[in-house]
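Hi,

Here is the structure I promised to pass on. Have a look at it first, and then read my notes below.

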Amino acid sequence: MELRKSYFADVRQNGLNEIGQPRPRLDSPGHVTGKTAYFADRNFPGMLHLKMVRSPHHHARIRSIDTSEAEKHPGVVKVLTAKDVPHNVYTILILIQIGPEDETVLADGKVRWKGEAVVAVLAETERAAQEAAAKVKVDYEVLPAVFDMEEALKPGAPLVNEYHGQNYYLYDSGECRKVRFGDVEAGFGQADHILEQSYQSSPIEHAPTETTGCVVAPEGNDRFTCYTNTQAMFFTLDNASIILQMPGSKLHFVGGTVGGGFGGKVDVIVEPIAILGAKLTGRPVCFIYSREEEMQISSPRAAEKVVIKDGVMMDGRIVARKVTGYTDAGAYSRHSPYGAQKGAAHYPGPYTIPNVWIDTYCVYTNRTPSSAMRGFGVTIGDFALEVQMDKLARLIGMDPLEFRFVNAYRDGDMKAHRQPTEGAALIECMQEASRAANWPVAEKYMAMSSYTKGA
Amino acid sequence: MTLALQTFSTVKDANMALQAAGTRYLGGGTLVVRAANEGDVSVSSLVRVTEPSLSAIAVSGGETRLGASVTMAAIARHPELAALAPAARAVGGPAIRNMATVGGNLFAPAPYGDFTVAMLALDAIVVTEDGQVPIQTFLAGRDASRAIVTGITFVLPRAESFRFLKVARVKPKGVSVLSIATLLQRAADGTVTSARIALGCMADRPMRARAAERALLGCRLTAEEIAPALAVAGEGTSPITDPIASAWYRNEVLPVHLGRLLLA
Amino acid sequence: MAKVPVQFTLNGSEKAEFVDSGTTLLHALRDKIGDTSPKGGCHQGTCGACSVIIDGELRLSCLTLAETCNGADIRTTSGLAEAGVLHPLQRAFLDAFATQCGFCTPGMIMAAKVLLDHTANPSREEVVEALSGNICRCTGYEPIIQAVLTAARANSQNAA
């Protein structure tokens, strides 16, 4: 490893003890000896196995649920439906006042995506739970479903989620998150060239090697220990407290090493129902996703569509940028209203553009609810923005790296959402990238600095 | 109901037990235990046999017999079966190859069953206690098969006449987009005098590319002369669509990969 | 529910248990015997996290029924260190930053162990092939491959 100390030499401290030094990972000795404890390494006598009966339809009304045969199945201890869940309709971001509550722990009257949880079966063995789950009878009336964001936003589209009343998240700013900076139409009027392009992405599954799950043990005093691989410990504890209508002091959450998360383990899905099962049976309960559930049921990264319209001058300056972003939340909000909002803040990219217009929509469809994944709301946007930057450079016949130097934000520049830029280092990163990749740029760009305008 | 395993020392006794409803034969476990793990509750009983002959490999002259319990790893490392090693190594990773058997591979639904594609190109004979069946007949009726396969026999191909290709997106181990096995006899001038081409993933089980086989007769293996065979390679196929590839994609790339294999 | 006896050697110690017929070796090891070093990542033979060594061969414990292992010699990563001294593979994984979340590590080490048991000086290609049934989703394959090559070198130097 090499540290380039020439950059920002005036603010760089010498004599750092840790930076630039290899240090052993604290958790490695446990990993290589197989001693690291993951949630599923906890085993309790008499532990019950929870299996979920899931919707085979993308959108359907539930006419009736018959659990009588499943309840009689040998080894079955408890069968749970919506009526057993104290506060069945929830949304995780309610903790930061982002409502409305729009999702059911167990489906009540309706399913809105294929794979939605309907009935939970608790049995002595995994096999008995699987056999009993196959005996649960659910009578569905299949409803028209919508899978495409633009179709979902059209008048007359099937209504996905009644708790919203329309197929988009209603922000305090209206049907979308908005950023308005300068006069974007005037910018387009002044531009030498205008380029409008659409970009889109499919959902992406995190596919951690360890599937989502938890093990819950009653402590015998109305308190429950929940060993979980959640990436959001206190989010999960607080939401479990709301869903179960139990004070947080009754919930003892134990986290620790997670076998891969990548953002896929921030939803509150397995813990509340497993704790409820433990509470109603007085027995330890494990609820661990199968590989198929991890791939099909756990939230993926949202599908996104990004439409970018740019006005550019022949000298390389981008003078106007209009972005419309669509985030496919699937059937429920989870983290997607926040993801779409992040996109709005991010969309001008790390570039200083005087005229900016941004609308980002969080759209509901009958697809698997999406949620967090590594830079969600930003990553797909960056893909779109940087492909767009290459296309713009080609359009005006400029080197793509030099084109980015021309537009890079620097300290003191006002960003579109009216945060002044500080601590920028994009110029210096690109200078080093130019050297490392042997992609030379004109000397004037190598002489630029994030500190000062000019050049 | 639980999953119960019964172990027998003879195929005869196991065959009797296998007649009971909900019973399946346990070979290496890579198909049937997987199904049970994934919640297939239709199987409640497993039967296995410990008879040593099932694990035997016999090569005499060209005549070869593989016991049904012979693993892919045993084939891959057997000095006399070098021609089949690429097909055996195409199955799974090292651990799977230590478990997966010749007999089990005959039942593996697409996209699995790469080794059986090689067996189909060799026109192998499938052996049960009831008798011997050509592999193509066996594959057509395998869903209803209730007799334990004890082995498979075939004439070992000369290395230069047999080719095998597995196309996967991940190297070195990935699930098949498709697999191809060819057995070609050629005259002194290089023209093809007989051709057998077997395909994997181009239907729910391995199949022969009959039209391409016919079109290849009398051709030398040049890009120009094999073109008519490649053009009809997809005749009669109904490829699977799965997370690895769509049916459309498999049909599109089949001639490309068959061409590469023939010209290699 | 019919219980069946299983008896085998685990990392050199005799083990005997009664399990439900049809129980996988993975569940027997983890839930009955208490060796949680093999991990259940897919239960379908795809991820390799449950890899163990049975009679010298790499096997997937999630697809192996416990009752078929009677009399077997079973090795897992938890038994690799001797008297608290890490095996060269463990040392190399630790030094080469070949672990991230750690969930694939015990399986990776088992796959690598079988390779080194049979091939003292493997090529990079042989290492890649040996690890090809084991998935690392933190995508740390390169340090893992380097760790196995390093351990092989350390082994052959000790032998010399």
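Which residues of helix 9 of chain A are buried? Before the answer, a word on the ground rules. This is a predicted model, so local features need pLDDT of at least 70 and side-chain atom pairs count only at pLDDT 80 or more, while totals for chains, interfaces and linings use all residues. Residues are numbered from 1 along each chain as its sequence is written, and chains are lettered from A and ligands numbered from 1 in the order in which they are written.

**Helix 9 of chain A**

The buried ones are S336(A), P337(A), Y338(A), G339(A), A340(A), Q341(A), K342(A), G343(A), A344(A) and H346(A). Buried here means that 20 or more other C-beta atoms lie within 10 Å of the residue's own; with 12 or fewer it is exposed, and in between it is partly exposed, with the C-beta atoms placed from the backbone. Helices (H or I, at least four residues) and strands (E, at least two) are DSSP runs, numbered from the N terminus. Helix 9 spans residues 336-346 of chain A, and ten of its eleven residues are buried, so the rest of the structure largely encloses it. What do those buried residues pack against? Their neighbours in chain A are strand 9 (177-181), strand 16 (318-330), strand 17 (356-364) and helix 10 (379-396). Contact means that the C-beta atoms of two residues, placed from the backbone, lie within 7 Å.

**Chain A as a whole**

Chain A has 13 helices and 17 strands, and its C-alpha trace spans about 80 × 60 × 35 Å along its principal axes. Of its 455 residues, 47% count as buried. If you take the contacts in chain A with a separation of 6 or more, 77% of them are between residues 24 or more positions apart.

The chain is divided into domain 1 (48-143 + 209-296) and domain 2 (177-204 + 300-446); these bounds come from an automatic or database domain assignment. Taken over C-alpha atoms, the centres of the two domains of chain A are separated by 39 Å. Where they touch, domain 1 of chain A gives 16 residues and domain 2 of chain A gives 17.

**The sheets**

Five strands of chain A form an open sheet in the order 9-17-16-15-10, with mixed pairing. Two strands pair if DSSP finds at least two bridges between them. Strand 9 and strand 10 (193-201) of chain A are at the edges with a single partner strand each, so one side of each has no neighbour in the sheet. From one strand to the next, the twist averages 5°. Inside this sheet, strand 15 (residues 304-312) of chain A runs antiparallel to strand 16 of chain A, joined by nine bridges. One of the partnerships there is V306(A) with G325(A). Helix 10 of chain A packs on the sheet, touching strand 10, strand 15 and strand 16 of chain A, and its direction makes about 30° with that of strand 15.

Strand 1 (residues 48-54) of chain A is mostly covered, with six of its seven residues buried. Two bridges join it to strand 14 (residues 285-288) of chain A, and this pair runs parallel; L48(A) has V285(A) as its bridge partner. Strand 1 of chain A also pairs with strand 7 (residues 117-123) of chain A, antiparallel and over six bridges, and K51(A) is matched with V121(A) there.

**Two crossing helices**

How do helix 10 and helix 11 (residues 400-407) of chain A cross? Their axes come within 9 Å and cross at roughly 105°. Axes are lines fitted to C-alpha atoms, for helices over the stretch in contact, and angles run from 0 to 180 degrees between N-to-C directions. Helix 10 and helix 11 of chain A are therefore roughly perpendicular (65 to 115 degrees; under 35 is roughly parallel, over 145 roughly antiparallel, and the rest oblique). Helix 10 of chain A makes the contact with M389(A), D390(A), L392(A) and A393(A), and helix 11 of chain A with P400(A), F403(A) and R404(A).

**Between chains**

Chain A gives 25 residues to its contact with chain C, which gives 31. Helix 1 (residues 28-33) of chain A has the largest share of chain A's side, six residues. Chain B meets chain C too, with 20 residues from chain B and 26 from chain C. On the chain B side, helix 5 of chain B gives the most, five residues.

Cheers
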